[in-house]
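Please open the structure in your viewer and keep the selection panel at hand. The stops below proceed from one selection to the next.

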Amino acid sequence: MSEAKSLQYKLSLTNEEMVAMIDKLTAAKNNLNGKATDFSKADELLEEYNNRDNNQRYHNATAPSQLAYDNAINELKNKINLMLLNHLKKILHIIKKLSSICLMHTEQQLKVCYKHKD
């Protein structure tokens, strides 16, 4: 990553160097050994909750029991939303960085082009 960051300040960055760095970062990302979070069970539970009007166990339960179930579902929704929000923030941060790098690189290329015009 530090090597990639150093390229953003290189005035004579070539397309080949940029492609090579992107390939290197992509390979590093693909070699990550973490596992994706499995949301299938959470999705099933949320779908079941959304159909609680047809669930006799829910309707025949005591109010405190229903409230505990409702609260547990809301907690699950909040955790999923928080995780998604964190991912979105990271993605937006990366997009902002890449945009500034591309803009800076474009400005540098334009300066080089205008120098050669004169």
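The helices named on this tour are DSSP runs of H or I with at least four residues, numbered from the N terminus. The model itself is predicted.

**First stop: helix H3**

Select residues 40-50, which make up helix H3. Within H3, highlight Ala42, Leu46 and Tyr49, which are buried. Viewed down the axis of H3, the buried residues lie within an arc of 60°, and they therefore line one face of the helix.

Next, display the side chains of lysine 41 and glutamate 44. These two residues form a salt bridge, with 3.8 Å between the closest N and O atoms. About one helical turn separates lysine 41 from glutamate 44, because they are 3 residues apart in helix H3. Colouring by accessibility adds a further detail: lysine 41 has a relative accessible area of 52% and is exposed, whereas glutamate 44, at 47%, is partly exposed. The cut-off explains the two labels, because exposed means over 50% relative accessible area.

**Second stop: from H3 to H5**

Keep leucine 46 selected and add asparagine 74. The C-alpha atoms of these two residues are 9.6 Å apart, while 28 residues separate them along the chain. Which helix holds asparagine 74? Asparagine 74 belongs to helix H5, which comprises residues 63-117. With a relative accessible area of 36%, asparagine 74 is partly exposed.

**Third stop: the salt bridge in H5**

Now select glutamate 75 and lysine 79. A salt bridge joins them, and their closest N and O atoms are 3.7 Å apart. How far apart in helix H5 are glutamate 75 and lysine 79? They are 4 residues apart, so about one helical turn lies between them. Glutamate 75 is partly exposed at 47% relative accessibility, and lysine 79 is exposed, with a relative accessible area of 54%. Over the whole structure, the search finds 2 salt bridges.

**Last stop: a nonpolar surface patch**

Finally, select leucine 82, which is also placed in helix H5. Extend the selection to Leu85, Leu88, Ile91, Leu92 and Ile95, and switch on the surface representation. Together with Leu82, these residues make a nonpolar surface patch of about 540 Å².

Conventions
Residues are numbered from 1 along each chain as its sequence is written. This is a predicted model: local features need pLDDT of at least 70, side-chain atom pairs count only at pLDDT 80 or more; totals for chains, interfaces and linings use all residues. Side-chain values use heavy atoms; hydrogens and water are left out. Helices (H or I, at least four residues) and strands (E, at least two) are DSSP runs, numbered from the N terminus. Buried means under 20% relative accessible area, exposed over 50%, partly exposed in between (1.4 Å probe, protein chains only). Patches are made of residues with over 30% relative accessible area and no salt bridge: like charges are joined within 9 Å, nonpolar side chains (Val, Leu, Ile, Met, Phe, Trp, Tyr) within 5 Å. Accessible areas come from the Shrake-Rupley method with a 1.4 Å probe; for residues, only the protein chains shown count as cover. A salt bridge is a side-chain nitrogen of Lys or Arg within 4 Å of a carboxyl oxygen of Asp or Glu. The arc is that of the directions from the helix axis to the C-beta atoms.
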